[in-house]
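The exercises below ask the reader to work through a protein model step by step. Each task is followed by a solution that can be checked against the structure.

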Amino acid sequence: MPLFDYWHEGNISADQVAAVLTSIESYIFRRLIRGMQSNGLNKLFATLFSDLKRHVGLEKDYVEIINYLLLSKSESSRFPTDGEFVENIETRDAYNLRQQTKYYLFDRLENQDSLERVNVIEGMQEGRFTIEHIMPQTLSATWKKELGNGYQEIYDRWDNHLANLTLTAYNSSYSNKSFHEKKTAEYGFDHS
């Protein structure tokens, strides 16, 4: 909140505030995906603005200062590396994340760089949008055949991972259909 006061006083631009918030958002989200504990972050955020102000006299790039402060944290408050984040986003059970985390994740995937904003969170809360497993949770004989001899290993590797999930309003019509059927159906993956 002090950052917004600082902005209202004319000490920082709206673009800089947005960039600082983006850095903080990345910090929190990376930690969430990494499965890091959040206890202790209240102290970090309580002192972050005062830490920022101590560095302001040295340079005026608030975003670089915030990034430096977040990246310099260690142990339980540290900023996960790109490698750690990539590893966890690829291997984490995304289907069973906390509901609020799933809302955030799928909203950002849908709307990050889009000029057409879709209200993903409201759609998920109201049940209009659901998370569909591309490769279904229960493999049919057709799916087993399509996946080949190593179907169980493939299933175990990808079942609840983000790469196997999509947000859709057509979940019930997809069911356990083959990948080809899901892909080419009316409103199927080819049209997504």
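A polar contact is a pair of N or O atoms within 3.5 Å, and within protein one of the two must be able to donate a hydrogen and the other to accept it. The model used in these exercises is a predicted one.

**Exercise 1. Determine whether Lys182 is buried or exposed, and find which backbone oxygen its side chain reaches.**

Solution. Begin by placing the residue: Lys182 lies in helix H11, which spans residues 179-184. Next, consider its accessibility, for which buried means under 20% relative accessible area. Because its relative accessibility is 0%, Lys182 counts as buried. Then follow the side chain of Lys182, which reaches the backbone oxygen of Ile134 at 2.7 Å. Finally, look at the surroundings: leaving aside neighbours within four places in sequence, Lys182 is in contact with Glu132, His133, Ile134, Pro136, Tyr174, Ser175, Lys177, Gly188 and Phe189.

**Exercise 2. Describe where Leu97 lies and which residues it touches, not counting residues up to four places away in sequence.**

Solution. The first step is the position, since Leu97 belongs to the loop between helix H5 (82-91) and helix H6 (99-111). The second step is the accessibility: Leu97 has a relative accessible area of 8% and is therefore buried. The third step is to list the contacts, and once residues up to four places away in sequence are set aside, Leu97 touches Ile33, Arg92, Lys102 and Leu105. As a last step, compare chain and space: Leu97 and Leu32 are 65 residues apart in sequence, while their C-alpha atoms are 9.6 Å apart.

**Exercise 3. Find how many cavities of 30 Å³ or more the model holds, and say which residues line the largest cavity.**

Solution. The count comes to one cavity of 30 Å³ or more, and about 30 Å³ of space lies in the largest cavity. Its lining is formed by Ile33, Asn88, Ile89, Arg92, Ala94, Leu97 and Leu105. Sorting these residues by class gives five nonpolar, one polar and one charged.

**Exercise 4. Work out how the buried residues of helices H4 and H5 are arranged around their axes.**

Solution. Start with H4 (residues 62-71), whose buried residues are Tyr62, Val63, Ile65, Ile66, Leu69 and Leu70. Because these residues cover an arc of only 160° around the axis, they are on the same side of H4. On the other side of H4, Tyr68 and Leu71 are exposed. Turn then to H5, where the buried residues are Glu84, Phe85 and Asn88. Seen down the axis of H5, they fall within an arc of 95°, so they line one face of the helix. To complete the picture, the buried residues of H5 pack against helix H2 (14-34).

**Exercise 5. Examine Glu75 and Glu186, and decide for each whether it is buried or exposed.**

Solution. Glu75 is found in the loop between H4 and H5, and because its relative accessibility is 66%, Glu75 counts as exposed. Its backbone deserves a separate step, for phi of Glu75 is near 50°, a positive value in a residue other than glycine. As background, most residues other than glycine have a negative phi. Glu186 lies in the segment after H11, and with 64% relative accessibility Glu186 also counts as exposed. Along the chain, Glu186 and Val120 are 66 residues apart, and their C-alpha atoms are separated by 21 Å.

Definitions and conventions: Residues are numbered from 1 along each chain as its sequence is written. This is a predicted model: local features need pLDDT of at least 70, side-chain atom pairs count only at pLDDT 80 or more; totals for chains, interfaces and linings use all residues. Side-chain values use heavy atoms; hydrogens and water are left out. Helices (H or I, at least four residues) and strands (E, at least two) are DSSP runs, numbered from the N terminus. Buried means under 20% relative accessible area, exposed over 50%, partly exposed in between (1.4 Å probe, protein chains only). Contact means heavy atoms within 4.5 Å. On a 1 Å grid over the protein atoms alone, a cavity is a set of points where a 1.4 Å probe fits but cannot get out, and a pocket is an open set with protein on both sides within 12 Å along at least five of seven lines; lining residues have an atom within 4 Å of a point. Grid points are joined across faces, edges and corners, and a volume is the space filled by probe spheres set on the points. Ala, Val, Leu, Ile, Met, Phe, Trp, Tyr, Cys and Pro count as nonpolar, Asp, Glu, Lys and Arg as charged, and the others, Gly among them, as polar. The arc is that of the directions from the helix axis to the C-beta atoms.
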